[in-house]
Amino acid sequence: MHRIAFLGPPGAGKGTQAAELAQALRIPHLSTGDLLRGAVGAGSPLGREADGYMRAGKLVPDALVLQILAERLAGADARAGFLLDGYPRNLAQAETLATLTPLDRVLSFEIPTDELVRRLSGRRTCPVCQTAYHLVSKPPKVAGRCDRDGTELIQRPDDRPEAIEVRLRVYAEQTAPLLDHYRRQGLLRAIDATGTPAEVAGRVRRAVESAPP
Ligand code: AP5
């Protein structure tokens with residue numbers, strides 16, 4: 001059983017690696033960012049409430065995120081394992097998660113801040129399927145269009161410089177303390193997230209296949 005969570009600062013490559021690993025392990029990729037962006041795009045009441053927080057780079061209130069995640073986590077496809085990407089994001093979320101399910105591994109993506117800013121500022125995203133591209137490291141086959149569905153790629157509103165700054169600060173203040181929390185439980189595996197996506201994928205696979213804690 002693989003019950004995995006990815007932790008790491010914005011732009012560290014969690015989503016890129018999660019998509020590939022979840023497919024390889026045949027478990028659902030549960031990204032709270034993608035779920036929230038889906039709700040914003042659909043214009044649901046939850047999405048309308050979350051939108052302002054996300055644009056500003058702040059965390060969406062815990063209760064709203066839980067509402068959207070608990071439903072997915074309880075789904076039949078998550079019974080045999082899951083990959084959480086973007087949750088938990090603070091200690092309260094970690095405590096709530098522990099009441100819903102245990103985790104087998106937490107992978108922490110480690111990367112210098114200047115590389116994060118390069119990755120975030122060059123990212124372009126498909127608003128329909130959420131696939132992330134990069135102007136330099138992962139350009140789409142046709143400029144400005146998603147390889148999967150041809151949709152016009154956008155820059156996420158929270159990839160603007162002002163929002164990036166807020167997200168990095170929120171990560172340091174609210175999410176980074178989770179590293180110690182999971183280290184104390186013996187669940188944490190640090191991943192060097194620098195290098196090409198294929199190099200990082202190799203490290204991720206080795207960490208997932210390493211002996212259980
Ligand atoms: P979320 O969507 O979770 O964003 P994030 O954690 O800030 O992470 P990112 O999606 O920005 O980056 P990533 O690490 O996935 O990097 P990626 O693979 O795309 O959250 C967004 C917002 O939603 C939050 O700010 C908050 O408002 C809200 N939210 C979500 N979860 C919440 C929660 N639990 N509680 C409260 N609020 C919540 O890669 C980035 C770029 O780099 C891409 O262009 C990619 O192509 C490129 N790249 C990837 N790997 C490499 C590589 N090895 N080399 C070169 N380029 C690379």
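**Exercises on salt bridges and a ring pair**

Arg 183 has a relative accessible area of 46%, so Arg 183 is partly exposed (buried is under 20% relative accessible area, exposed over 50%, partly exposed in between; 1.4 Å probe, protein chains only). The model is predicted: local features need pLDDT of at least 70 and side-chain atom pairs pLDDT 80 or more, while totals for chains, interfaces and linings use all residues. Residues are numbered from 1 along each chain as its sequence is written, and side-chain values use heavy atoms, without hydrogens and water.

**Exercise 1.** Find which residue forms a salt bridge with Arg 183, and state where both residues lie.

*Solution.*
1. The partner of Arg 183 is Asp 180, with the closest N and O atoms 2.6 Å apart (a salt bridge is a side-chain nitrogen of Lys or Arg within 4 Å of a carboxyl oxygen of Asp or Glu).
2. Both residues belong to helix α8, residues 177-184 (helices, H or I, at least four residues, and strands, E, at least two, are DSSP runs numbered from the N terminus).
3. Three residues separate them in sequence, about one turn of the helix.
4. Asp 180 has a relative accessibility of 42%, so Asp 180 is partly exposed.

**Exercise 2.** Describe the salt bridge between Asp 192 and Arg 203.

*Solution.*
1. The N to O distance between the two side chains is 3.9 Å.
2. The pair links distant parts of the chain: Asp 192 is in strand β7 (residues 188-192) and Arg 203 is in helix α9 (residues 197-209), eleven residues apart.
3. Asp 192 is partly exposed at 37%, and Arg 203 is partly exposed at 24%.

**Exercise 3.** State how many salt bridges the count gives, and place Arg 123 among them.

*Solution.*
1. The count comes to 14 salt bridges.
2. A network of salt bridges links Arg 123 with Arg 156, Asp 158, Asp 159 and Arg 167.
3. Arg 123 lies in strand β5, residues 123-125.
4. With a relative accessible area of 14%, Arg 123 is buried.

**Exercise 4.** Classify the aromatic pair that a search of the whole structure finds.

*Solution.*
1. The search finds one aromatic pair.
2. The ring centres of Phe 6 and Phe 109 are 4.9 Å apart and their planes are at 55 degrees, so the pair is tilted (rings of Phe, Tyr and Trp, its six-membered ring, pair if their centres lie within 6.5 Å; planes under 30 degrees apart are stacked, over 60 edge-to-face, the rest tilted).
3. Phe 6 is in strand β1 (residues 2-7) and Phe 109 in strand β4 (residues 105-110), 103 residues apart.
4. Both Phe 6 and Phe 109 are buried.
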